[in-house]
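Good morning, and thank you for making room on the agenda. I would like to walk through one model with you, beginning with its contacts and ending with a single residue.

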Amino acid sequence: MSKTQAAFQNGKAFIPFFTAGDPDADRTVEYILAAADAGADLIEVGIPFSDPTAEGPVIQKADALALEGGMTVNGAFEIVERVREAKPDLPIAFMTYANPVFRYRGNPSESDAEPYVPFFRRCREDGIDALILADVPFEEQEEVLAVSDRYGVDLISMVSPTSEDRIREIARNPRGFIYVVSSMGVTGVRTEFRYDTIRKMVRLIRETNPSARCAVGFGISSPEQAKTMAGLSDGAIVGSAILKKIHAGADRDEIFRYVKSMKDAVREA
């Protein structure tokens, strides 16, 4: 069992998202550690990218601020290294896009390395347990999966309200867990969800593979929403709502309280 899968072993999981370098590296580490102390089961860390096509305005802003501040892929790895010193067993997933992963070369000696190898080698060294590539659909994962499996990193698949056959295919052999996208479109806080559609997607996953774990993301912001989503699935993922608090000047204690309220709600599901 991978550490990503283990995040779901003690009940419903709460998974917060932070953008590396937003507002800076020191505070990213501080916020992640606060979330872990508040009970987060797995941390999702976004590697900022210049063209984040799956993101709404909040995460787009976070990416822009991080890049303007000089955040790089190496910088994101360094953030995880610092977190690992304090939380060696905390499950951590990177979320980014194919370009930074494909182009990453850890040092000049790896300039001619096989694509993806330097990135996943560094993931293994620094304790990255999983990777979400927002612009790589399941049907195009094979090239990346061959390398991620080699280095023991779970490549997380995403499902959205599409065809039943596609959801079943993804559910047959997932890595880590399945990321259930709550609705079509980009990330961002929402006030309304199509709960029947989410329930149907989760049912298809469980019918296909009873051992598969799935968590719902995109749009969740309140404890009530998190509890509902965790009741339908195995957990809830929250990003934009946390980043909005960060952009409004939230300190460590406020992030701790918010994550704790969400984790408490998920536990009740």
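Of the contacts in the protein chain between residues at least 6 apart in sequence, 73% join residues at least 24 apart. Please bear in mind throughout that this is a predicted model.

The secondary structure consists of 12 helices and eight strands. As to overall dimensions, the C-alpha trace spans about 50 × 40 × 30 Å along its principal axes. A compact globule of 269 residues would have a radius of gyration near 18 Å, and the protein chain, with 17 Å, agrees with that expectation. Buried residues account for 57% of the 269 residues. The accessible surface of the chain amounts to about 11400 Å², and carbon and sulfur atoms contribute 46% of this. On the matter of charge, there are 32 positive and 41 negative charges, and their mean positions lie 5 Å apart.

Let me turn to the interior. In soluble globular proteins, nonpolar side chains tend to be buried together. Here the largest nonpolar core comprises 98 residues. Which residues have the most contacts inside it? They are F94, F119 and F120. If we set aside neighbours within four places in sequence, F94 is in contact with V45, I47, A76, F77, V80, F119, C123, I128, A130, L131 and I132.

Two of the partners just named, F119 and C123, bring us to helix α6, where both are among the buried residues. This helix covers residues 117-126, and seven of its 10 residues are buried, so α6 is largely enclosed by the rest of the structure. Besides F119 and C123, the buried set includes V117, P118 and F120, together with R122 and D126. What do these buried residues pack against? Their partners are the helices α4 (73-86), α5 (98-103) and α7 (142-150), along with the strands β3 (92-96) and β4 (130-133). After α6 comes G127, which has a positive phi, near 80°.

I close with F17, which is located in strand β1, residues 13-19. Is F17 buried or exposed? Its relative accessible area is 4%; since buried means under 20%, F17 is buried. Again leaving aside neighbours within four places in sequence, its contacts are E44, V45, G46, I59, M95, V238, G239, I242 and L243. V45 is thus in contact with F17 and also with F94. Finally, F17 and D135 are 118 residues apart along the chain, and their C-alpha atoms are separated by 17 Å.

Conventions: Residues numbered from 1 in each chain as written. Predicted model: local features only at pLDDT ≥ 70, side-chain atom pairs only at ≥ 80, totals over all residues. Heavy atoms only, no water. Helix = DSSP H or I, 4+ residues; strand = E, 2+ residues; numbered from the N terminus. Rg over C-alpha atoms; globule rule 2.2 N^0.38 Å. Buried < 20%, exposed > 50% of the residue type's maximum accessible area, 1.4 Å probe, protein only. Contact = heavy atoms within 4.5 Å. Areas by Shrake-Rupley, 256 points an atom, 1.4 Å probe, with all protein chains shown as cover. Lys, Arg positive; Asp, Glu negative; His and termini not counted. Charge placed at Lys NZ, Arg CZ, Asp CG, Glu CD. Core = buried A, V, L, I, M, F, W, Y, C linked by side-chain atoms within 4.5 Å.
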